[in-house]
Amino acid sequence: MADRNMSGHCSTAKNCMVESTKESIKVNGMRILIFNWRDIKHTWAGGGELYVFEQASRWVKAGHEVHLFCGQDIDKQLPDFEVLRGIKVHRKGGRYSVYLWAMWYYFTHFRGKVDVVVDVENGIPFFTPLYCT
């Protein structure tokens, strides 16, 4: 059994593991939310996006649930929600409005539902310490 904290979530990444039962496999990983300006499908994606996706892919393979919130590619009009390599990608807003959408999306979709928030800074931070608890 994984070492759990008071809220029932894993207390450390090391202690989160997959438990197998007779009927099914239960994942006891953390729920991770990443805020990044873009994702790997964005027209302007670069090394930072590749790095974030590689790290997130490894977390998924380790049994964690990973969400990536990022801006929409205005030219490509990618889906607002998509699963890439097990990573749940949420796209809202453009070059600058993504920061306002991030705060709104956190309160309406993720507040109280994630264990870890990662604020990837590529020039302008998402200021997650101001609204993520």
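1. Start with a charge and a ring. The charged end of Lys92 sits over the ring of Trp101, 5.3 Å from the ring centre. Keep in mind that this is a predicted model.

2. Trp101 also belongs to an aromatic cluster. Its members are Phe35, Phe69, Tyr99, Trp101, Trp104, Tyr105, Phe110 and Phe126.

3. Now the pairs. How many aromatic pairs does a search of the whole structure find? The search finds ten. One of them joins Tyr99 and Phe126. Their centres are 4.7 Å apart, the planes meet at 45 degrees, and the pair is tilted.

4. Where do these two residues lie in the chain? Tyr99 is in helix H2, residues 98-110. Phe126 is in the segment after strand E7, which spans 116-119. The two are 27 residues apart, so the pair links distant parts of the chain. Tyr99 has 13% relative accessibility and therefore counts as buried. Phe126 is buried as well, with a relative accessible area of 3%.

5. Phe107 and Tyr131 make another pair. Their ring centres are 6.1 Å apart and their planes stand at 45 degrees, so this pair is tilted. It too links distant parts of the chain: Phe107 is in helix H2, Tyr131 is in the segment after E7, and 24 residues separate them.

6. Are Phe107 and Tyr131 buried or partly exposed? Phe107 has 37% relative accessibility, so it counts as partly exposed. Tyr131, at 6%, counts as buried.

Note on methods: Residues numbered from 1 in each chain as written. Predicted model: local features only at pLDDT ≥ 70, side-chain atom pairs only at ≥ 80, totals over all residues. Heavy atoms only, no water. Phe/Tyr/Trp six-rings, centres within 6.5 Å; stacked < 30°, edge-to-face > 60°. Helix = DSSP H or I, 4+ residues; strand = E, 2+ residues; numbered from the N terminus. Buried < 20%, exposed > 50% of the residue type's maximum accessible area, 1.4 Å probe, protein only. Lys NZ or Arg CZ within 6 Å of the ring centre and 35° of its normal.
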